[in-house]
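Please open the model in a viewer and keep the selection tool at hand. The tour proceeds by selections, each followed by a description of what is found there.

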Amino acid sequence: MTTHNTALGERTGGAVAQKAVGAHPGRRPRGAARTPWIYLAPALVVLGGLLVYPVYQLGLISFLEYTQAQVSGGEPTTFQGFGNYATLFGDEQFWQVLLATVVFAAACVVSTLAVGCALAVLLTRVRALPRLALMLAALGAWATPAITGSTVWLLLFDPDFGPVDRMLGLGDHSWTYGRYSAFALVLLEVVWCSFPFVMVTVYAGIRAVPAEVLEAAALDGASQWRIWRSVLAPMLRPILVVVTIQSVIWDFKVFTQIYVMTNGGGIAGQNLVLNVYAYQKAFASSQYSLGSAIGVVMLVILLAVTLVYLRLLRGQGEEL
């Protein structure tokens, strides 16, 4: 009887103490929901200063008449509303550049993912020394500044002194003269400096896959392509989502490679992409409001593509 009363008292006292502190079984403490935000607050403040304010200024200038006359103070700044966007959307060249940017970025993303994933699988099939050599070579390409890499590629494909034309027997063929050959040359450079990120990330994901799963697929007679398509790709889908979105963002806003390798957009602007087009409008023509409007359009397109892609994956039941 005494033991029963003692146990009852302990349960009653525990319940009273639990009620006193506001805790409930299976429920998080009241302050636990705010704890992550407290730790994230410094980073959010920095991001707000480095990201939110510039985007706000970009959007604000896109609604104003802001040219060199307004910058120098010769004329007052006036509100244009959607006038800059109407001018932009009424420009046939803008739509041509937008189409070229979308096609070029899509080709870069697909090529980068294909090369990066193929080399990631290759890293799991070779010995330690070749693996180390490939990793060091890839990281060297990744660490090379874009302007340096672009200059090196121009020298390699130079019609007078480049070794590529001599090896292929093309004489003095100029790769940057034609529109499609210039885009292809820039694509090669973009893939060269971008695939290491995909390769390293996917390789890390493959190493995390249990070896028993891969061995079982191999014992069932599956080829390497079948193992990748049916086993690895589904298991690595969250990683592939990250590298795909990152590649889309990088390749859609390519600037340095196009500007350096095509000398500012190619002959008569045949190799313009949106970032270079915005630069020409803002700084070469001093139409800062039109350049800002192009920047806002690029931001909206990238956000839309990212959100649609994530929504499609969530619709398939993927945890992201």
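The stops below cover two nonpolar cores, a helix pair and a single serine in this predicted model.

Begin with the largest nonpolar core, which has 36 residues. Select Leu88, Phe94, Phe104, Ile258, Leu274, Tyr277 and Ile294, the members that touch the most other members. Two or more residues each are supplied to this core by helices H4 (83-89), H5 (92-123), H9 (179-208), H13 (256-261), H14 (274-284) and H15 (288-315).

Next, centre the view on Phe94. Apart from neighbours within four places in sequence, Phe94 is in contact with Leu88, Phe89, Leu274, Tyr277 and Val297.

A separate core of 26 residues can be displayed next; Val198, Ile206, Val209 and Ile227 are among its members.

Now select helix H10 (residues 211-219) together with helix H11 (residues 224-235). How do their axes cross? They come within 11 Å and cross at roughly 165 degrees. Angles over 145 degrees count as roughly antiparallel, so H10 is roughly antiparallel to H11. The crossing of H10 and H11 is right-handed. To display the contact, select Val213, Leu214, Ala217 and Ala218 on H10, and Ile227, Val231, Leu232 and Met235 on H11. By class, this contact comprises 8 nonpolar residues, with no polar and no charged ones.

Finally, select Ser247 in helix H12 (residues 237-252). Is Ser247 buried or exposed? Its relative accessible area is 2%, so Ser247 is buried, the cut-off being under 20%. Beyond neighbours within four places in sequence, Ser247 is in contact with Val109, Thr112, Leu113 and Val198. Val198 also belongs to the core of 26 residues.

How values were computed
Residues numbered from 1 in each chain as written. Predicted model: local features only at pLDDT ≥ 70, side-chain atom pairs only at ≥ 80, totals over all residues. Heavy atoms only, no water. Axes fitted to C-alpha atoms, helices over the stretch in contact; angles between N-to-C directions. Helix = DSSP H or I, 4+ residues; strand = E, 2+ residues; numbered from the N terminus. Parallel < 35°, antiparallel > 145°, perpendicular 65-115°, else oblique. Left-handed = near helix turned anticlockwise from the far one by under 90°. Contact = heavy atoms within 4.5 Å. Nonpolar A, V, L, I, M, F, W, Y, C, P; charged D, E, K, R; others polar. Buried < 20%, exposed > 50% of the residue type's maximum accessible area, 1.4 Å probe, protein only. Core = buried A, V, L, I, M, F, W, Y, C linked by side-chain atoms within 4.5 Å.
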